[in-house]
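Open the model in your viewer and keep the sequence panel beside it, since this tour moves from one selection to the next.

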Amino acid sequence: MEAGKVINLMCLLKKYPNGLRKKSALVSVSDSLGVYANKKLMDSIDLIIQYWTMGEISEEQSKGLLSAIKNGTGLVGCHGGIGDSFRNNTEYQYMVGGQWVTHPGGKINYSVQISDKEDPVTKGVSDFEIGNTEQYYMHIDPNVKVLAITTFSGENDNWIKGAVMPVVWKKYHDKGRVFYLSIGHNPEDFDHPAVWTMLTRGIDWASRSKYEKRELKLSPIYSPQ
Ligand SMILES: [Zn+2]
């Protein structure tokens, strides 16, 4: 795990549990994947905010996590916190809806376009620029609802010039809602108002899987002719 990512975790924990507590949420913080094997705990929670880059998850932990989400617990994460965890676990990747593969050029400046202006997560959020951070290039599940995108300039790795990549998406995994945002290498990335707005709205949305009707979320990228 990179040092920067640990800082991100701390940043997210420092900022959001207080926000959740203000909304009367009961928040439990753990630095071990062992919690995923605690069935009693997993059955009692509405939302998991994970920040765990790479690493390995045991079969028991993976089963606990996957079955909680399938039963309606929401999952939220940013950057490598859920988008590059447990590289050898394809069932996990099937749940998240995308997997990091590279970030050409390392820390760069890039722009993000809101591709879905109607969704409650992105409503009223304008396109924005973000600086000195990683532009994630990911392998994407076609059954995600993409909310924001970025386009690769080709300045780094010219063969990907013009490639359009999801930055924010939502999806279901059985009954559970999954929300992902690929920005977040630096703690200060979360200070960007657009990033923070989408993340906190995504947290609100994902935490309500068990209480709200299922939305039709599939937006397949590929369709029959
Ligand atoms: Zn990073």
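Begin by selecting helix α3, residues 59–70, in what is a predicted model, and compare the ends of this helix. With 12 residues at 1.5 Å a residue, α3 should span 16 Å, and because its end C-alpha atoms are 16 Å apart, the model agrees with that expectation.

Staying on α3, colour G64, L65, L66, A68 and I69, which are the buried residues of this helix. If you then show the surroundings, the elements that cover these buried residues include α2 (39–44), β2 (74–78), α5 (90–96), β8 (164–173) and β9 (176–181). Just past the end of α3, select G72, whose phi is positive, at about 115°.

Next, zoom out to the whole chain. The protein has six helices and nine strands, and of its 225 residues 38% count as buried. If you consider contacts between residues at least 6 apart in sequence, 72% of them join residues that are at least 24 apart.

Colouring by confidence is a useful check at this stage. The pLDDT averages 90 over the protein, and 88% of the residues score at least 70. Residues 1–10, however, have a pLDDT below 50, although this stretch has 16 contacts in the model beyond near neighbours in sequence.

Now turn to the largest nonpolar core, which holds 41 residues, and select V168, Y180, L181, M198 and A206, the members that touch the most other members. Helix α6 (residues 193–206) supplies the largest share of this core, with seven residues.

Which residues is Y180 in contact with, once its neighbours within four places in sequence are left aside? Selecting them one after another, you will find G77, I82, G83, V96, G97, G98, V168 and W169.

The last stop is α6 itself, a helix of 14 residues that reaches 20 Å from its first C-alpha to its last, close to the 20 Å expected at 1.5 Å a residue. Select A194, V195, M198, L199, G202, I203, W205 and A206, which are buried in this helix. They cover an arc of only 165° around the axis, and therefore lie on the same side of α6. As a general background, an α-helix has 3.6 residues a turn, so residues three or four places apart point the same way. To finish, display β1 (47–49), β2, β5 (128–134), β8 and β9, against which the buried residues of α6 pack.

How values were computed: Residues numbered from 1 in each chain as written. Predicted model: local features only at pLDDT ≥ 70, side-chain atom pairs only at ≥ 80, totals over all residues. Helix = DSSP H or I, 4+ residues; strand = E, 2+ residues; numbered from the N terminus. Expected span 1.5 Å × (residues − 1). Buried ≥ 20, exposed ≤ 12 C-beta atoms within 10 Å, placed from the backbone. Contact = placed C-beta atoms within 7 Å. Core = buried A, V, L, I, M, F, W, Y, C linked by C-beta atoms within 7 Å. pLDDT = per-residue confidence, 0-100. Arc of directions from axis to C-beta.
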